[in-house]
Amino acid sequence: MAKNARVVRPSWAWFTLLDGGLVALAVLSTNQDLHASVSESLPAPLPARPALRKLLGAAIAVHVGEAMVATRMARRRGLPARGWALQTFIVGFPSLGKLRRLPV
């Protein structure tokens, strides 16, 4: 393990923005009434719920891939791989960027 082995967190704003967006996407893709209500209140309608579900699935797949990359990078650097993987799965690219910027 590296001398100062730890997980460096990105700003909480990233967690709020990105995870809030994923939660909104999940809710809108599964709740027909809310989807209709929000879609009617916007100047342009939301994409159909099946399209939103596909987008959500793609976003989750990207986060899984980023977490796998973070795991390998953290292990090579002697950092806690599980912590980096979990954080990167949750917040995505801001976590991976923090990991990439750490000295080797």
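Buried residues are defined here as those under 20% relative accessible area, exposed ones as over 50%, and partly exposed ones as in between (1.4 Å probe, protein chains only). The model is a predicted one, in which local features need pLDDT of at least 70, side-chain atom pairs count only at pLDDT 80 or more, and totals for chains, interfaces and linings use all residues. Residues are numbered from 1 along each chain as its sequence is written, and side-chain values use heavy atoms, with hydrogens and water left out.

A good place to start is the overall fold. The protein chain has five helices and zero strands (DSSP runs numbered from the N terminus, H or I of at least four residues for helices, E of at least two for strands). Its C-alpha trace spans about 55 × 20 × 15 Å along the principal axes. The radius of gyration of the protein chain is 17 Å, whereas a compact globule of 104 residues would have one near 13 Å (taken over C-alpha atoms, with a globule rule of 2.2 Å times the number of residues to the power 0.38). Of the 104 residues, 32% are buried.

The largest nonpolar core, a set of buried Ala, Val, Leu, Ile, Met, Phe, Trp, Tyr and Cys residues joined through side-chain atoms within 4.5 Å, has nine residues: Val8, Ala70, Met73, Ala74, Leu79, Ala81, Trp84, Leu96 and Leu99. Two or more of these residues come from each of helix 3 (49–77), helix 4 (81–91) and helix 5 (93–101), and helix 3 gives the most, with three. Leaving aside neighbours within four places in sequence, Leu99 is in contact (heavy atoms within 4.5 Å) with Ala70, Met73, Ala74, Arg77, Leu79 and Trp84.

Helix 4 deserves a look of its own. Its buried residues are Ala81, Trp84, Ala85, Gln87, Thr88 and Val91, and they pack against helix 1 (12–30), helix 3 and helix 5. Just after helix 4, Gly92 takes a positive phi of about 85°.

Turning to helix 2 (residues 32–41), this element contains Ser39. Ser39 counts as buried because its relative accessibility is 13%. Not counting residues up to four places away in sequence, Ser39 touches Ala44, Pro45 and Leu46.

Finally, contacts across the sequence can be considered. Among contacts in the protein chain between residues at least 6 apart in sequence, 60% join residues at least 24 apart.
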